[in-house]
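Here are my notes on the model you sent, set out as numbered points. Please read them with the sequence and the coordinates open beside you.

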Amino acid sequence: MTGLALAAATAPARRREKQPGRGWLLLPPVLVLLGFFGYPLVLVVLQSLESKTGEFGLSVWLDVLGSAEFRDAAWKTVALALGATAGCVVLGTFLALVIAFVPFPGARTLSRLVDTVLAFPSFLIALAFTFIYGSAGILGAGGFLYSPFGILLAEITFYTPFVLRPALAAFGQVSSAQMEVAASLGAKPGRVLRQVILPEALPSLASGACLTMLLAMNEFGIVLFLGAKDVTTLPMLVYGKGIVTFDFPQACVIAVVNVVFSLALYGIYRRLTNGGRRAAVDET
């Protein structure tokens, strides 16, 4: 029996060894990816190295990175992304805890209602806020809306589902036996939350936070639509340099910097996501 089992286990591997390589099947999608993404990105990088006078070098990079305008935009981009991420993590975690562990009628409807926000473009959130908080809106709090806090509130509203959904999935996998044992040992609900529930959901919350920060750093519609005074982020600066002033080399430099930030955050997100999956596989 053992020999038959070993033969059955090794047979697929032998068949795979005999099959010819099929790596060429990956060639068409790789070529499409290089053509539609890699080639334009290379053009942007090359354009960032060429000044308006046609000189090739790092002069444009030095001018952009040394300008106060770029530093201010980079700081505001990071600050708004961090603030939106923190707000989404707090609000999303709270809503996920209520939906997952507090039984009340309409919990599933509330979860689906929050998810519907994902189907809307971000500028619709800004439009709704204009009708509510704008100068001619219901509440008439125009000064608040056209400030960094208005942008922050709009981004938190729009991106909270990106934390809520993975948090709900993580809380759904928490073993009820662990919570019952902790409660039987005298642990209060707050301690059960800190020592049992949140540690289990930490990888999902971290991945949701990274994804939210990635999206918030590249947010353009909300910032453009609200038009907050003295709020210029990196995507807005790319738009201003490339479309308004037609300074394409500087716009390309800022775009490359934004792409580098985005790829770094995406790498962290993928690492956290894969780590969570590996942990789940190891547990099973």
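1. I begin with helix α13, which spans residues 234–244. In this predicted model, the buried residues of α13 are Leu 234, Pro 235, Met 236, Leu 237, Lys 241 and Gly 242, so that a lysine is listed there alongside leucine, proline, methionine and glycine. Just after the helix, Phe 246 adopts a positive phi of about 55°, and I would ask you to look at the backbone there when you go through the coordinates.

2. Pro 235 of α13 leads on to the internal space of the protein, since that residue is buried and is also one of those lining the largest cavity. How many cavities of 30 Å³ or more does the count give? The count comes to one, and the largest cavity holds about 50 Å³ of space.

3. The lining of this cavity draws on residues from several parts of the sequence, namely Thr 77, Leu 80, Ala 81, Glu 155, Ala 216, Met 217, Glu 219, Val 223, Thr 233 and Pro 235. By class, the lining is made up of six nonpolar, two polar and two charged residues, and the glutamates at 155 and 219 are the charged members, because Glu is counted in that class.

4. Which helices each supply at least two residues of the lining? They are α4, covering residues 68–101, and α11, covering residues 189–217. Of the helices, α4 gives the most, with three residues.

5. Turning to the annotation, the unreviewed UniProt entry places the feature "transmembrane region" at residues 25–46, 78–102, 122–146, 201–228 and 248–269. In the model, the span 25–46 is 91% helix and 0% strand, with its end C-alpha atoms 31 Å apart. The span 201–228 is 82% helix and likewise 0% strand, and its end C-alpha atoms lie 36 Å apart.

6. As for the overall fold, the secondary structure of the protein comes to 14 helices and zero strands, and the pattern read along the sequence is accordingly a run of α elements. Among contacts between residues at least 6 apart in sequence, 69% join residues that are at least 24 apart.

7. Finally, on burial and surface, 33% of the 284 residues count as buried. The protein exposes about 17,200 Å², and carbon and sulfur atoms supply 69% of that area.

How values were computed
Residues numbered from 1 in each chain as written. Predicted model: local features only at pLDDT ≥ 70, side-chain atom pairs only at ≥ 80, totals over all residues. Heavy atoms only, no water. UniProt positions renumbered as here; feature names shortened; annotations may be inferred. Helix = DSSP H or I, 4+ residues; strand = E, 2+ residues; numbered from the N terminus. 1 Å grid on protein atoms, 1.4 Å probe; cavity = no way out; pocket = protein on both sides within 12 Å on 5 of 7 lines; lining within 4 Å. Points joined across faces, edges and corners; volume = space filled by probe spheres on them. Buried < 20%, exposed > 50% of the residue type's maximum accessible area, 1.4 Å probe, protein only. Contact = heavy atoms within 4.5 Å. Areas by Shrake-Rupley, 256 points an atom, 1.4 Å probe, with all protein chains shown as cover.
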